[in-house]
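Work through the exercises below with the sequence and the coordinates at hand. Each task is followed by a solution in steps.

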Amino acid sequence: VPVFPPRGATMDNRFATALVIACVLSLISTIYMAASIGTDFWYEYHTLSPAENVSEAGRSIWEEFVSKDADEKTYTDALFRCNGTVGLWRRCITVPKNSHWYSPPETDMTTNCISFSLSDQFVEKYIEPGNHNSGTDLNRTYLWRLQFLLPFVSIGLMCFGALIGLCACACRSLYPAIATGVLHFLAGLCTLGLVGCYVAGIELLHRKLPLPEDVRGEFGWSFCLACVSAPLQFMAAALFIWAARTNRKEFTLLKAYRVA
């Protein structure tokens, strides 16, 4: 029987390196995901002259914008005219600090934000935004609800995977790392679904409410963080699963060799 040099130390180092890299990727993706959820720059509107637009309409624009009764068309029009930004939890507009009708237009601007309530996250979207008699737009309704739920499912899966990883460290075993990898893979799918739902929702909204000629819309850096988080989760999942499966295979071969 041929005698091979021991490979245990080399394989342990290789597995340890893979796990460390996977943990770092998982941590970075979690930070990116949390930052994207908590910020308001998923989509940004840029208009040429927000101060003039606001001064023409008076205080009614932001009074309607912050009103609890503001419908989708009302606050979307305000976003168009006032350099608005939209997040998963809040919407913001940029307005002059002093906006009284008797005051001249100002260049000193401030950003006012209002949060979406929990009921706003599950409210029905209408075929014609602002027209409650036009019927429910099921596509936009469920896309909006999914883009609210999926990021929390994604973070929850990663946290649960981290808990399993800690248990694996306590047991000094790589086998639970397979479950951690699977959970990270599912979290990546949720994040990818979130990005897809948000893009589809924005496109459908702009078909109903086209952008004015002097307004430009673009995805913001909060959206980019979510886009980056998804591949990081997939890479972490691949490393966790590879380390666990390869270690198990090597252990089986080594055990068979020792028996022989």
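**Exercise 1. State what share of the chain is buried.**

Solution. Apply the burial cut-offs: buried is under 20% relative accessible area, exposed is over 50%, and partly exposed is in between, with a 1.4 Å probe and protein chains only. Of the chain's 260 residues, 40% count as buried. The model is predicted, so local features need pLDDT of at least 70 and side-chain atom pairs count only at pLDDT 80 or more, while totals for chains, interfaces and linings use all residues. Residues are numbered from 1 along each chain as its sequence is written, and side-chain values use heavy atoms, with hydrogens and water left out.

**Exercise 2. Give the order of helices and strands along the chain.**

Solution. Take helices as DSSP runs of H or I of at least four residues and strands as runs of E of at least two, numbered from the N terminus. The chain then has eight helices and five strands. Their order is α-β-α-α-α-β-β-β-α-α-α-β-α.

**Exercise 3. Classify the ring pair W42 and Y198, and locate both residues.**

Solution. Use the ring rule: rings of Phe, Tyr and Trp (its six-membered ring) pair if their centres lie within 6.5 Å; planes under 30 degrees apart count as stacked, over 60 as edge-to-face and the rest as tilted. The rule yields 16 aromatic pairs. For W42 and Y198 the centres are 5.0 Å apart and the planes stand at 55°, so this pair is tilted. Next, place the residues: W42 is in the loop between α1 (8-38) and β1 (43-47), and Y198 is in helix α7 (residues 177-208), so the pair ties together parts 156 residues apart in sequence. Last, check burial: W42 is buried at a relative accessible area of 0%, and Y198 is buried at 3%.

**Exercise 4. Do the same for Y45 and F80, then list the aromatic cluster.**

Solution. The ring centres of Y45 and F80 are 5.1 Å apart with planes at 75°, so the pair is edge-to-face. Y45 belongs to strand β1 and F80 to helix α4 (residues 72-81); the pair links distant parts of the chain, 35 residues apart. Both Y45 and F80 are buried. One aromatic cluster is formed by W42, Y43, Y45, F80, Y198, F219 and F223.

**Exercise 5. Which ring does the charged end of K125 sit over, and which face does R145 lie over?**

Solution. The criterion requires NZ of Lys or CZ of Arg within 6 Å of the ring centre and within 35 degrees of the ring normal. The charged end of K125 sits over the ring of W144, 3.8 Å from its centre. R145 lies over the face of Y142, 5.4 Å from the ring centre.
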